[in-house]
Amino acid sequence: MNLFDLSGKVAVVTGGTHGLGMAMAEGLAAAGAELAITSTTPSKLEEALDYYHSKGYKATGYIFDVTDELEAAQKVALMEATHGKIDILVNNAGIIKRIPAIDMEVEDFRKVIDVDLTGPFIMSKLVGRYMIKRRSGKIINICSMMSELGRDNVVAYASAKGGLKMLTKNLATEWAKHNIQVNGIGPGYFATSQTEPIRVDGNPFNDFIISRTPEGRWGNPEDLAGTAIFLASEASRFINGQIIYVDGGILATIGKPANE
């Protein structure tokens, strides 16, 4: 079990103030990691830190935009000085704009790409410099089922997440020789505050997810914690450039027959 112990490790989780990011951060903290949480919203960050501290976890917050390379470089340097090192980087911060491709403005498309793909590149590049010097590090990119599949009205998000899958593989290729493992997690559909309004019987999308998922349910946020711990720990030291889909089996099946 020592393979999964994160005691003495420092984990940076971008956007770790709510939802799946918070669930993964909490899992890392429960395994012993010290947290450095980033956000662009001071009130959300303060609320999240209060929660982590109430659980007895060691957590520090940093306000900055991961798409601003200069600001991000300053904050990453501050994290290194404050914590002494960064062992784990979870690139979780992201946005989505649900707009049909024909109606989407280029500005909106670029914004999603900037946050969901360029942001992880910037953070990986900045943190990776320190990891390369130490010859040790774990980077976890939060991909999506849209890294593999298309869906109506998410053209920018799917483009970014498909790119993030390949960023993961390419960074793993370049940095494996420095003892850095770069992998990804692709969440399925999860029960979060954002999905609560549609997770009711009779809602067409809820019924679709239940019928499409072999387990017949939405994922619980804590279902991601184990995968995050695994990829952040020594247990995954020879795994590199892989995307683990935590989706209840959706990507494994074509779905139920229409007459079933």
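Helices, taken as DSSP runs of H or I with at least four residues, are numbered from the N terminus. Under this convention, Asp108 belongs to helix 4 of the structure, which is a predicted model. With a relative accessibility of 22%, Asp108 counts as partly exposed, because the buried class ends at 20% and the exposed class begins over 50%. Beyond its neighbours within four places in sequence, Asp108 makes contact with Lys97 and Ile99. Asp108 is separated from Thr14 by 94 residues in sequence, and the two C-alpha atoms lie 21 Å apart in space.

The sheet on which helix 4 packs is considered next. Seven strands form an open sheet in the order 3-2-1-4-5-6-7, and their pairing is parallel. Strand 3 (59-63) and strand 7 (243-246) are the edge strands, each pairing on one side only. From one strand to the next, the twist averages 20°. Strand 1 (residues 10-14) and strand 4 (residues 88-91) run parallel and are joined by three bridges; Val13 has Val90 of strand 4 as its bridge partner. Helix 4 (residues 106-134) touches strand 1, strand 4, strand 5 (137-142) and strand 6 (180-187). The direction of helix 4 makes about 175° with that of strand 4.

Helix 3 (residues 69-83) lies across strand 1, strand 2 (34-39) and strand 3, and runs at about 160° to strand 3. At 1.5 Å a residue, the 15 residues of helix 3 should span 21 Å, a value that agrees with the 21 Å between its end C-alpha atoms. The buried residues of helix 3 include Ala72, Val76, Met79, Glu80 and His83. Viewed down the helix axis, the buried residues of helix 3 fall within an arc of 95° and therefore line one face of the helix. This arrangement can be read against a general property of helical geometry: an α-helix has 3.6 residues a turn, so residues three or four places apart point the same way. The cover over the buried residues of helix 3 includes strand 1, strand 2, strand 3 and helix 4. Leu70, Gln74 and Ala81, on the other side of helix 3, are exposed.

Both ends of helix 3 carry local features. The N-terminal end is capped by Asp68, which places a side-chain oxygen 3.2 Å from the backbone nitrogen of Leu70. Just after helix 3, Gly84 adopts a positive phi of about 90°.

Definitions and conventions:
Residues are numbered from 1 along each chain as its sequence is written. This is a predicted model: local features need pLDDT of at least 70, side-chain atom pairs count only at pLDDT 80 or more; totals for chains, interfaces and linings use all residues. Side-chain values use heavy atoms; hydrogens and water are left out. Two strands pair if DSSP finds at least two bridges between them. Helices (H or I, at least four residues) and strands (E, at least two) are DSSP runs, numbered from the N terminus. Axes are lines fitted to C-alpha atoms, for helices over the stretch in contact, and angles run from 0 to 180 degrees between N-to-C directions. Contact means heavy atoms within 4.5 Å. The expected span of a helix is 1.5 Å times one less than its number of residues. Buried means under 20% relative accessible area, exposed over 50%, partly exposed in between (1.4 Å probe, protein chains only). The arc is that of the directions from the helix axis to the C-beta atoms. A polar contact is a pair of N or O atoms within 3.5 Å; within protein, one must be able to donate a hydrogen and the other to accept it, and residues adjacent in sequence count only if both atoms are side-chain atoms.
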